[in-house]
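Visitor: I have a model to look at. Can you walk me through it?

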Amino acid sequence: MKRLFADIRLITSKDLKIELRSRVLINQVAPFALIILVLFGIALDADQKSLRNFASGLFWISVLLCALMAISRSMTIERDDEALVGLNLSGVDPLAIFLGKTCAIAIQLLILEIFLGVGIILLYRSEVEDFWLLVSTGLFACIAVSALGTIFGFLASGLGVRETLLPILLLPLLLPVLIGATRAFDDALGVAAINGWNWFAFVAGLTVILTTVGAGANYLLADN
Amino acid sequence: MSVVKLDGLVALLEGFPALTGVDLTVNAGEIVFVKGPNGAGKTTLLHLCAGLIQPKDGTGSILGHDLSSERTEIRKRVGLLSHSSGLYRDLTVLENITFWTQIAGVEQSEIDSRIVWALERMELGSKLQNQKVRSLSVGQKRRTSLAVFIVRRPDLWLMDEPHAGLDQEGRQIVDDLIEESVGAGATVIVASHDFERVANLSTRIVTLSGGAVLDADREGNR
């Protein structure tokens, strides 16, 4: 167990160090997220009130699209020069590879969510009514996206068609997370009279299920 | 004692048979040179011995572990030097070697001394150690890959074209490392097109063709 946690820490810190060096998150993913928010605003040709009403959905669609980039990038790190073969030969538990990479993607997505959150407040004039609901939902949903994304990222990249296959595989399966997180955000941003904490519980349950399924499927990483 | 024992091993690559019934035994302390034309199955054979490929048919054991059911155990004890560098481009040479040493589960007390040894052995000076892998030449990358390879001190060395991309000095270092590893109790299988050089190093030459062993009994020049 001690070795497992040590390996998770090593893989997460290695991935984050590589991201800090390459600056893909800062130079490519964050501007992409900002462009999405602006384009949605222009495409909907909406007034501030309409944008505020749609803000939750637009936020989560932006997160999912950016997550695709982050997941794809995370897999590229391992596929370029076949570093994944080295990881498998090192006798690392595939569960450590799965959890290590999931943590790294989740941390990047959290940073991105903060950036996008500031974006919808500034661009769409959204107002936060329940800060903790916002934070809790953002945290759990990003773990769910990262866990499922890691498994499907490895599967898609192993087939050599990750750019086209990953969205087709991943997005439909993330639909329940998108719905739950959007509803919870609707309440947290005060645009819907619903109990957002019920929707948070739904997202948290999905997160536990998806992370467990991902951890259970970790053997795919050893043979992929 | 046989380190590698393969009986009628069949392996598929993308659905096509890359190895079509390989019979091969390699004993402890041997340096076996695997030769053959492109597409003969040399790389697949090394990947199979490393536990990276599940055999389709036949039986086999590596270092006493069953090739079908104990591949995780096999992977922990073999080293594979392949065509790809296996390095992270945005980490420095030192960061790469440190990461691979730690992830291999080397004892904490041994990590620093092993890294220093590997860096010195591959003649990776202090200036080079702090360079990103992305900025290295082919030969410098190969030296870094070799440092990562030797730092784990595997029991079975599987080397695919180990001299590729290296200058004369680097090639000599590889030859010396192979000799030293056998002296330290390891077994080495080298796949290469550099016939003369590797034949002089090896104790036995195995010829592969069309995914099968044509000849496994020719003596090397060592």
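Visitor: At roughly what angle do the axes of helix α3 and helix α5 of chain A cross?

Guide: This is a predicted model, with local features needing pLDDT of at least 70, side-chain atom pairs 80 or more, and totals for chains, interfaces and linings using all residues. Residues are numbered from 1 along each chain as written, chains are lettered from A and ligands numbered from 1 in written order. Helices α3(A) (48-79) and α5(A) (94-123) have axes within 10 Å; helices are DSSP H or I runs of at least four residues, strands E runs of at least two, numbered from the N terminus. Fitted to C-alpha atoms over the stretch in contact, with angles from 0 to 180 degrees between N-to-C directions, the axes cross at roughly 145°.

Visitor: How do the residues of this contact divide into nonpolar, polar and charged?

Guide: Contact means C-beta atoms, placed from the backbone, within 7 Å. α3(A) contributes residues including A:F59 and A:C66, and α5(A) residues including A:K101 and A:L109. The division is 13 nonpolar, three polar and two charged.

Visitor: Which strands are at the edges of the chain B sheet?

Guide: The open sheet has the order β2-β1-β4-β5, with antiparallel pairing. Strands pair if DSSP finds at least two bridges between them. Two bridges join β4(B) (57-62) to β5(B). Pairing on one side only, the edge strands are β2 (16-27) and β5 (65-66).

Visitor: What is the bridge partner of B:S61 in β5(B)?

Guide: B:S61 has its bridge partner in β5(B). Strand β5(B) runs antiparallel to β4(B). The partner is B:D66.

Note on methods:
Contact = placed C-beta atoms within 7 Å. Nonpolar A, V, L, I, M, F, W, Y, C, P; charged D, E, K, R; others polar.
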